[in-house]
Amino acid sequence: MGPSLFGPASAASERQVVDATVVEPVDCTAADTEETVRFRLQGKIYKGLLSGCGHDQDEKLSIALAEDPSKVDGPVEVALAATEPGVRDLRRPVGLGLLTLGCAGGGTYAFLLARGPRSGLA
């Protein structure tokens with residue numbers, strides 16, 4: 001049940017999570033839409049391009065940064081933190097707990113089938 005049950009997370013999958021505000025929302029009528037978001041990191045304000053649509057103007061989002069925005073000219077590519085692999089939240093430990101319960105339930109069922117019916121109570 002350790003954190004490396006499904007393999008250790010690579011350094012490339014670690015993302016920095018920050019809060020952002022939608023600056024230019026996009027309607028969902030076209031394919032491959034990108035919204036512009038604004039976020040603050042280390043006292044500076046940056047713009048990012050979020051692959052998605054349907055958010056409202058000035059809506060608050062939690063985004064994940066794949067790269068350092070100070071090293072990129074122009075808007076940086078960002079992703080929603082809830083959908084980005086490598087972002088730590090409660091889903092991994094809950095998933096591991098459910099996996100453990102499923103294994104225990106399956107093992108108990110297999111034991112009962114292998115044991116067969118009992119002949120009678122004494």
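Tutor: Helices here are DSSP runs of H or I with at least four residues, and strands are E runs of at least two. Keep in mind that this is a predicted model.

Student: What does the secondary structure of the protein come to?
Tutor: Let's walk it from the N terminus, where the order of elements reads β-β-β-β-β-α. Tallied up, that secondary structure is one helix and five strands.

Student: Which element holds Val94, and is Val94 buried or exposed, or something in between?
Tutor: Val94 sits in helix H1, residues 91-115. Buried needs under 20% relative accessible area and exposed needs over 50%. Val94 has 42%, so the label is partly exposed.

Student: Which residues make the nonpolar surface patch of about 440 Å²?
Tutor: Patch members need over 30% relative accessible area, and Val94 has 42%. The patch is made by Leu90, Val94, Leu98 and Leu101.

Student: OK, now charges. Which residues gather in the patch of negative charge on the surface?
Tutor: Asp and Glu are the ones that count as negative. One of the members is Glu67, from the loop between strand S4 (60-65) and strand S5 (76-80). Glu67 has 41% relative accessibility, so it counts as partly exposed. The full patch is Asp32, Glu34, Glu67, Asp68 and Glu77.

Student: How are the C-alpha atoms of Leu49 and Glu77 separated?
Tutor: Leu49 belongs to strand S3, residues 44-51. Leaving aside neighbours within four places in sequence, its contacts include Glu34, Val76, Glu77 and Val78. Leu49 and Glu77 are 28 residues apart along the chain, yet their C-alpha separation is 5.0 Å.

Student: And Val78, is that residue buried or exposed?
Tutor: Val78 is in strand S5. Outside its neighbours within four places in sequence, it touches Val37, Phe39, Gly48, Leu49, Leu50, Ser51, Ile63, Ala64 and Leu65. The cut-off is under 20% relative accessible area; Val78 has 6%, so the call is buried.

Student: What separates the C-alpha atoms of Val78 and Val17?
Tutor: Along the chain, these two are 61 residues apart. In space, the C-alpha separation is 9.8 Å.

Student: Zooming out, what share of contacts between residues at least 6 apart in sequence join residues at least 24 apart?
Tutor: Leu49 with Glu77 is one pair in contact, and those residues are 28 apart along the chain. For the protein, the share joining residues at least 24 apart is 53%.

Student: What percentage of the 122 residues count as buried?
Tutor: The accessible surface comes to about 8600 Å², with 58% belonging to carbon and sulfur atoms. Of the 122 residues, the buried share is 25%.

Technical notes:
Residues numbered from 1 in each chain as written. Predicted model: local features only at pLDDT ≥ 70, side-chain atom pairs only at ≥ 80, totals over all residues. Heavy atoms only, no water. Patch = residues over 30% accessible without salt bridge, like charges linked within 9 Å, V, L, I, M, F, W, Y side chains within 5 Å. Areas by Shrake-Rupley, 256 points an atom, 1.4 Å probe, with all protein chains shown as cover. Salt bridge = Lys/Arg side-chain N within 4 Å of Asp/Glu carboxyl O. Charge placed at Lys NZ, Arg CZ, Asp CG, Glu CD. Buried < 20%, exposed > 50% of the residue type's maximum accessible area, 1.4 Å probe, protein only. Contact = heavy atoms within 4.5 Å.
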